[in-house]
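Welcome, and please open the structure in your viewer. We will go from stop to stop, selecting a few residues each time.

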Amino acid sequence: MEYSFYAEQKYRSDGKVEARVLTAAEAEAAGYEDGYKGTKDGCTVYVNGFGSERAVRNFLSDLHGCIIME
């Protein structure tokens, strides 16, 4: 995988964003790569790669209506 961490963002129909921080192994197991766009569970899903977990969390903290799932 190109990055160490990935942000999975699920844009729900109610305007909320559910997000998870994934390791490279978790992203690979889910079939994700940097720049992925698709649908899952009725949501539009975007995945972006980052060099550190902190960078992912900083990115997600700027998203309006974002709920970070642990």
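In which helix is the place of E53? Select E53 and you will find it in helix 2, which covers residues 53-61. Before going on, please keep in mind that this is a predicted model.

**Stop 1: E53**

Colour E53 by accessibility: its relative accessible area is 34%, so E53 counts as partly exposed. Now show what surrounds it. Setting aside neighbours within four places in sequence, E53 is in contact with F5 and V21. Next, draw a distance from E53 to A7, C-alpha to C-alpha. The viewer should give 9.1 Å, although 46 residues separate the two in sequence.

**Stop 2: the largest nonpolar core**

Select Y6, L22, A24, A27, Y32, V45 and V47 together. These seven residues make up the largest nonpolar core. Which elements each supply at least two residues of this core? They are helix 1 (24-29) and strand 4 (43-50). A second core lies apart from this one; it has six residues, including A7, A19, F50 and V56. There is a general pattern to have in mind here: in soluble globular proteins, nonpolar side chains tend to be buried together.

Stay with V45 for a moment, a member of the largest core. Leaving out its neighbours within four places in sequence, V45 has contacts that include E8, Q9 and K10, and also Y32 and Y36. Among its other contacts are K37, G38, T39 and K40.

**Stop 3: E8**

Now pick E8, one of the contacts of V45. E8 is found in strand 1. Is E8 buried or exposed? Its relative accessible area is 2%, and under 20% counts as buried, so E8 is buried.

Show the side chains around it. One polar contact of 2.6 Å joins the side chains of E8 and R20. Another polar contact, also listed at 2.6 Å, joins the side chains of E8 and Y32. Y32 belongs to the largest nonpolar core, too. Beyond its neighbours within four places in sequence, E8 touches residues including E18, A19, L22, K40, Y46 and V47.

**Stop 4: aromatic pairs**

How many aromatic pairs does a search of the whole structure find? There are four, and we will visit two of them.

Begin with Y11 and Y46. Their ring centres are 5.5 Å apart and their planes meet at 90 degrees, an edge-to-face pair. This pair links distant parts of the chain, with Y11 in strand 1 (residues 5-11) and Y46 in strand 4, 35 residues apart. Y11 has a relative accessibility of 31% and is partly exposed, and Y46, at 32%, is partly exposed as well.

Then move to F50 and F59. Here the ring centres are 5.2 Å apart, and the pair is tilted because the planes stand at 40 degrees. F50 is buried, at 16% relative accessible area, whereas F59 is partly exposed, at 28%. You have already seen F50 named in the six-residue core.

**Last stop: M69**

Finish by selecting M69, in the segment after strand 5 (66-68). M69 counts as partly exposed, with 37% relative accessibility. Which residues does M69 touch, not counting those up to four places away in sequence? They are E18, A19 and R20. A19 is also one of the residues in the six-residue core, and R20 is the partner of E8 in a polar contact. For a closing distance, try M69 to V17: their C-alpha atoms are separated by 10.0 Å, while the two residues are 52 apart along the chain.

Note on methods
Residues numbered from 1 in each chain as written. Predicted model: local features only at pLDDT ≥ 70, side-chain atom pairs only at ≥ 80, totals over all residues. Heavy atoms only, no water. Helix = DSSP H or I, 4+ residues; strand = E, 2+ residues; numbered from the N terminus. Buried < 20%, exposed > 50% of the residue type's maximum accessible area, 1.4 Å probe, protein only. Contact = heavy atoms within 4.5 Å. Core = buried A, V, L, I, M, F, W, Y, C linked by side-chain atoms within 4.5 Å. Phe/Tyr/Trp six-rings, centres within 6.5 Å; stacked < 30°, edge-to-face > 60°. Polar contact = N/O pair within 3.5 Å; in protein donor to acceptor, adjacent residues only side chain to side chain.
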